[in-house]
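Me: I've got this structure open and I'd like a close look at one part of it. Could you pick a spot and walk me through it, then set it against the rest of the chain?

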Amino acid sequence: MTSETNKTTKPLIIIVALFFIFGFVTWANGTLIPFFKLSFGLSNTQAFFVTFASYIAYFFLALPSSWILKKTGFKNGIIFGLFILGLGSLIFIPAAQARSFPLFLAGIFVQGAALALLQTAANPYLTIIGPIESAAKRISIAGICNKFAGMIVPVVMGSLFLKNAADIEKKIAAATGIEKENILTDVLSRVNTPYIVLAIIFCAFAVLIKYTHLPEVEVEEDIIDETKGEVVKHKSIFQFPHLFLGAFCIFVYVAAEVMAGDIIGVYGKALGIAPDTAKYLTSLTLFSMLIGYVLGIFTIPKYISQQKALRICAILGIILCSLAFLTASSQLSVIFIALLGLSNSLMWPAIFPLGISHLGKFTKTGSAIMIMGIAGGAIWPLIYGYLSDLPSHGGLGVPFHIAFYVAILPCYLYILFFAIKGHKIGVEHKM
């Protein structure tokens, strides 16, 4: 028993540390959105290309990541991914010097590509190294580190990038010519030191993993039909409809998570909250998620199943986003959006294991397909940004709270469908 525990604990510590890195890099986008709006004078739609560049990389790189993992194995794939993550961070330096928003987006895309590889390796690792019934518990442990990193990002990065944001906004508006150019150059130079430090940390962690024992995890080649006691032969990944329903569930879940986490600052500013305060709102959402992860560790699967936890979270999401809509005339609306973190917390830990369950030899490919669903975080903010920007373009005009509600409610409705029925479709033996 002790030997088995050690086999699980050591890989778990490494993967949990990786999830901290995932959280720090991903949730830095929440700070970069207002930072780039300040530095480049962007509209909401333009600023949300930050999340688009990050999350769309998952769609294009997840399947190639699966191929890389098949060739290199999990451990070497993780090492390679960390070095690529460091490279993406270093691209920020010439981007700041050139004051080039597209080059910043290129760096964010490279970071997203690295995270696609790392997530494709890390998530099935957490699922497979122990009983599938408690996979949500292990992912919740990793999720605590992920969201803790996300909580400190607005404090660390916000303090560095958005210090005196309101005053700088006024100076930029009043300045012209060379004076304005100097202010913008000075503001953008704030990224240099933080991202050089991050690149060094990522590469150092890659070297550490290189000299740390991290066993390869082999998945079963066959699937057993427990009702008949026979081996089930599958020739194609398309014989698992629950996988693709699960990938779309990840798509809408990540969309909802980004709406509640990255966009809450923009939403808060629309309600009249000062920029120097709004930059910390993402931390409130992530604190709510942290509470949910802790609850998941103690309740799954001892008291409730992964499926039931997912149903509860989906219903809670529907209730909270509706309350945010109904209270949009007051700042209480922001509190309900922050509490969406609680409803979002146990979704990934439940959706991912349900989506890749019973895949046998297709587990790595199935994991990559699930990771592709992260692209939801690329699409949904643009939808919200377009709707909320309509008035400035002479359109019909969509109030920010209606735009938010219209964008996020369908996500929770589909997640509820997957929790009740979708995860069962095509599964040929008892869960």
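Reply: Here is a look at one histidine and its surroundings, followed by another helix, a surface patch and the chain as a whole. Keep in mind that this is a predicted model.

Let's start with His242, which sits in helix H10, residues 241–261. Is His242 buried or exposed? Its relative accessibility is 1%, and buried means under 20%, so His242 counts as buried. As for what surrounds it, leaving out residues up to four places away in sequence, His242 touches Leu354, Gly355, Ser357 and Leu359, along with Phe418, Gly422, His423, Ile425 and Val427. Contacts across the chain fit into this picture too: among those between residues at least 6 apart in sequence, 84% join residues at least 24 apart.

Now for another helix, H14, which covers residues 306–326. Its 21 residues should span 30 Å at 1.5 Å a residue, and the end C-alpha atoms are 30 Å apart, so the two agree. Buried residues in H14 include Leu310, Cys313, Ile318, Leu320 and Cys321, and Gln306 and Gln307 are buried as well.

For a contrast, turn to the surface. Val155, Val156, Leu160 and Tyr280 make a nonpolar patch of about 310 Å². Leu160 belongs to helix H6, residues 135–161, and its relative accessibility of 41% is why Leu160 counts as partly exposed.

Zooming out, the protein chain has 19 helices and two strands. Of its 431 residues, 58% count as buried. The accessible surface comes to about 17,500 Å², and carbon and sulfur atoms account for 68% of that.

Note on methods: Residues numbered from 1 in each chain as written. Predicted model: local features only at pLDDT ≥ 70, side-chain atom pairs only at ≥ 80, totals over all residues. Heavy atoms only, no water. Helix = DSSP H or I, 4+ residues; strand = E, 2+ residues; numbered from the N terminus. Expected span 1.5 Å × (residues − 1). Buried < 20%, exposed > 50% of the residue type's maximum accessible area, 1.4 Å probe, protein only. Patch = residues over 30% accessible without salt bridge, like charges linked within 9 Å, V, L, I, M, F, W, Y side chains within 5 Å. Areas by Shrake-Rupley, 256 points an atom, 1.4 Å probe, with all protein chains shown as cover. Salt bridge = Lys/Arg side-chain N within 4 Å of Asp/Glu carboxyl O. Contact = heavy atoms within 4.5 Å.
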